[in-house]
Amino acid sequence: MAIFKKPILRSLGGKTREMPTGLWTKCPACGEVIHNLALSENLQVCPKCDYHMNLGSSDRIDSLVDADTFVEMDAEMSSVDPLGFKGVTTYADRLQSYKQKTGLVDAIITGEGRIHDHRVGLGVMDFNFLAATMGSVVGEKVTRIIEHSTKNKMPVILVCASGGARMYEGMLSLMQMAKTSGALALHAQANLPYITILTNPTTAGVMASYASLGDIIIAEPKAMIGFAGPRVIRETTHQTLPSDFQTAEFLEKHGLVDLIVSRDKMRDTLDVWFDSGTTHRTVLRGSHAAESTYPADLYLEGSDQHRGW
């Protein structure tokens, strides 16, 4: 016979209080739980470990350009399904789903704006829309903003984030690599500057085309940047890859990335370069002398061939 009896717990009759969803975000890098309002005010950067989370295209534009100066171009340009792609869901259904989910028409917003009163052409990719894959619309909008900037003698800034070419459009998506690169060649012939900002992740066909063609290539901290994934490279080469392989820091150390800039300092960093009126990489590196391994008076090969506008 039991000496003690387990008490019977009865509900007091009150309603169970539930924690509202959508108020907090857990940092994927350090595990810190951050209130979404604080995260938004910090441009989606973890205040504890400085991990740069995904930032939507509209918020990115607001963080870069002067207030009320951005004028969007080709806002209604929308993808179609030229191949009649069918899978688990059709391409047309997937496009419609992402339009409703994100409020975007496609994976990039392009237009003209001002950064500290400097007139620029700007394109910002949004990873929330089909992993910012590059289809015909993305390629066409990138090409048009480059051509618009060339015609109006403006520098071009493209903020890149992408999973690569959009498989739903087959060869048409791959053709965008050549088209965008051709437009950039004409922009360079006009002696006009081009800056790319690589965010996490920038990969595959986008990285193999306009993302890697900048006169100055800037990256956000710890961004994943590369063409094929590390597993494919490891299995192809049969070699052990460095722990920091395909990160912004690895690519800066090996010369592909010119500068790593935190999101909250990006706008002011661009302004330093605009005030110089050149594509001289050392202007930016000099402004980050305390953060960069490059001395302010470093001269790179060809750096005396300044571009002005």
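Student: Which ring does the charged end of Lys101 sit over, and at what distance from its centre?

Tutor: The ring is that of Tyr98, and the charged end of Lys101 is 4.6 Å from its centre; the term requires NZ of Lys or CZ of Arg within 6 Å of the ring centre and within 35 degrees of the ring normal. Please keep in mind that this is a predicted model, in which local features need pLDDT of at least 70 and side-chain atom pairs count only at pLDDT 80 or more, while totals for chains, interfaces and linings use all residues. Residues are numbered from 1 along each chain as its sequence is written, and side-chain values use heavy atoms, with hydrogens and water left out.

Student: What makes Tyr91 and Tyr168 a stacked pair?

Tutor: Rings of Phe, Tyr and Trp (its six-membered ring) pair if their centres lie within 6.5 Å, and planes under 30 degrees apart count as stacked, over 60 as edge-to-face and the rest as tilted. The centres of Tyr91 and Tyr168 are 4.9 Å apart with 5° between the planes, so the pair meets the terms for stacking. This pair links distant parts of the chain, 77 residues apart, with Tyr91 in helix α3 (residues 91-102) and Tyr168 in the loop between β6 and α5; helices (H or I, at least four residues) and strands (E, at least two) are DSSP runs, numbered from the N terminus.

Student: Why is the pair of Phe245 and Phe250 called edge-to-face?

Tutor: The planes of these two rings stand at 70° and their centres are 5.5 Å apart, so the pair of Phe245 and Phe250 is edge-to-face.

Student: Why does Phe250 count as buried, and why is Phe245 called partly exposed?

Tutor: Buried means under 20% relative accessible area, exposed over 50%, and partly exposed in between, with a 1.4 Å probe and protein chains only. Phe250, at 13%, therefore counts as buried, whereas Phe245, at 23%, is partly exposed.

Student: What class does Asp117 fall into, and what is its phi?

Tutor: Asp117 has 54% relative accessibility and therefore counts as exposed. Its phi is near 75°, a positive value in a residue other than glycine, and Asp117 is found in the loop between β4 (108-115) and β5 (118-125). Leu43, in the loop between α1 (36-41) and α2 (57-64), also has a positive phi, near 60°, but at 21% relative accessibility Leu43 counts as partly exposed.

Student: How do you know that the length of helix α5 agrees with its number of residues?

Tutor: The expected span of a helix is 1.5 Å times one less than its number of residues. For the 19 residues of α5 (residues 171-189) this gives 27 Å, and the end C-alpha atoms are 28 Å apart, which agrees.

Student: Why are the buried residues of α5 said to line one face?

Tutor: Those residues are Ser173, Gln176, Thr180, Ala183, Leu184 and His187. Seen down the axis of α5, they fall within an arc of 100°, so they line one face, the arc being that of the directions from the helix axis to the C-beta atoms. The face turned away from the buried side carries the exposed residues Met171, Ala178, Leu186 and Gln189.

Student: Which elements do the buried residues of α5 pack against?

Tutor: They pack against α4 (136-151), β6 (156-162) and β7 (194-203), where contact means heavy atoms within 4.5 Å.
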